[in-house]
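Please look over the sequence and the model below before reading on. The paragraphs after it go through the DNA surfaces and then the protein interior.

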2 protein chains.
Amino acid sequence: MPGLSAREIARSIEYSPGTLYNIFENLDDVLLTLQVEMLRDVACQLAETPIGATPALHIDALAKTYVDYALRNRKLWNLLFSHSLPTTAAPSKALHDYVFAIGDTVSGALAPLMIGASAAEKNLAARVLWAGVHGITAIAVTDKAPFLTVTTALDYTHTLTQTFLDGLVANQTIAVSA
Amino acid sequence: MPGLSAREIARSIEYSPGTLYNIFENLDDVLLTLQVEMLRDVACQLAETPIGATPALHIDALAKTYVDYALRNRKLWNLLFSHSLPTTAAPSKALHDYVFAIGDTVSGALAPLMIGASAAEKNLAARVLWAGVHGITAIAVTDKAPFLTVTTALDYTHTLTQTFLDGLVANQTIAVSA
DNA sequence: CGTATGTAATGAGCGCCGACCCATACCAAA
DNA sequence: TTTGGTATGGGTCGGCGCTCATTACATACG
């Protein structure tokens, strides 16, 4: 993992490699800590994103927050989503909590458009939409598609969110009128 | 990169490390070749997915093909999307061609629902939707969210595709009726 | 048949760099 | 001056990518 060796991490925070091992168990411990911190940051920034004039604008703002964060922290971001910790380690509860928190934030933003829906339906919709935004982000951050780059990522998320929301309200009106 | 060293690759195909270097320039060459082969496979399988009774069913089948492929080839899949080749290397044209081919396949499946739309609009919609499906796949394959697992991935892609399509046709009818 | 020739596979070994350790140095506070 | 906690970074050891002298084997020839 280039750029994420113990020596490099130590240099980047201007400590020696040995000091890392006084504080952390091993490198995976360091990386897990970084992952948790980053995900907490993201969850907080999403939660603090101001509610827009309309649900659609709110969702758009959330997507922008998410994409911007990933682009601003490309290296760490790739770390979080590409480095799978050893499966022997117990899955981090903190990590999962923040994932749920992100889902809750999105779910809250979706709620005004899904008045008749159950909490489960809202959660599903929120997680699906977030996973979609995440997919666009991941491709943009890792330069995997020539057309989906840093500059177009927000256009893509906008198209996704707006079309998805249109689909939600279409179903909603059908459900309500039925 | 555990599990993807030259020695391990050699062992897994029951050759010696040296043989790899008779055939390939270096390890990155091996990995790039794997990536291209895998993406070609995916593109072919998508292209060969039978057209369903309705566009919605067709898209669903495409998503299933995509997700199934990723789950059947977890390790390689993670390789393709997590290992970024050195930026010094010229980006592989073949790789990009296959990415475009996938977009074209999805775009073709979307076409019946977007009669009045331009080719650019159809391409955008196709790429956005595919990136979304990819996001769900990526999270499922890497076990990053407790609720989005191998068993629920298809439910998630189904919700995404159907809601997205609903959004498309909602816009379509508006555009047409206007 | 035995022998020569070309090709393909080998795997021990080289140099390097990774994670991780620990004897040592440092420096406040007592 | 002593002491205790903290940071250090050279060093160990293992595994890495990669090489190349050597081997194994199929085919061609006398």
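How far is a base nitrogen of DNA strand C from an N or O atom in the side chain of A:Arg7? The distance is 3.0 Å, which falls under the polar contact cut-off (a pair of N or O atoms within 3.5 Å; within protein, one must be able to donate a hydrogen and the other to accept it, and residues adjacent in sequence count only if both atoms are side-chain atoms). This is a predicted model, in which local features need pLDDT of at least 70 and side-chain atom pairs count only at pLDDT 80 or more, while totals for chains, interfaces and linings use all residues. Residues are numbered from 1 along each chain as its sequence is written, chains are lettered from A and ligands numbered from 1 in the order in which they are written, and side-chain values use heavy atoms, with hydrogens and water left out.

Phosphate oxygens of DNA strand C are also contacted: one lies 2.8 Å from a backbone N or O atom of A:Ala6, and one lies 2.7 Å from a polar side-chain atom of B:Thr19. Two or more residues of the surface near this strand come from each of α1 (6-12) and α2 of chain A and α2 of chain B; helices here are DSSP runs (H or I, at least four residues), numbered from the N terminus. The most, 3 residues, come from α2(B). In total 14 residues surround DNA strand C, where near means a heavy atom within 4 Å. Of the strand's atoms within 4 Å of the protein, 56% belong to sugar or phosphate and the rest to bases.

DNA strand D has 13 residues around it. A side-chain N or O atom of B:Arg7 is 3.0 Å from a base nitrogen of this strand. Phosphate oxygens of strand D lie 3.0 Å from a polar side-chain atom of B:Tyr21 and 2.7 Å from a backbone N or O atom of B:Leu27. Here α2(A) gives the largest share of the surface, 3 residues.

Away from the DNA, consider helix α5 (residues 74-82) of chain A. Its buried residues (under 20% relative accessible area, 1.4 Å probe, protein chains only) are A:Trp77, A:Leu79, A:Leu80 and A:Phe81. They pack against α3 (27-48), α4 (55-72) and α7 (119-142) of chain A, and also against α7 (119-142) of chain B; contact means heavy atoms within 4.5 Å. In soluble globular proteins, nonpolar side chains tend to be buried together.

Notes:
Buried < 20%, exposed > 50% of the residue type's maximum accessible area, 1.4 Å probe, protein only.
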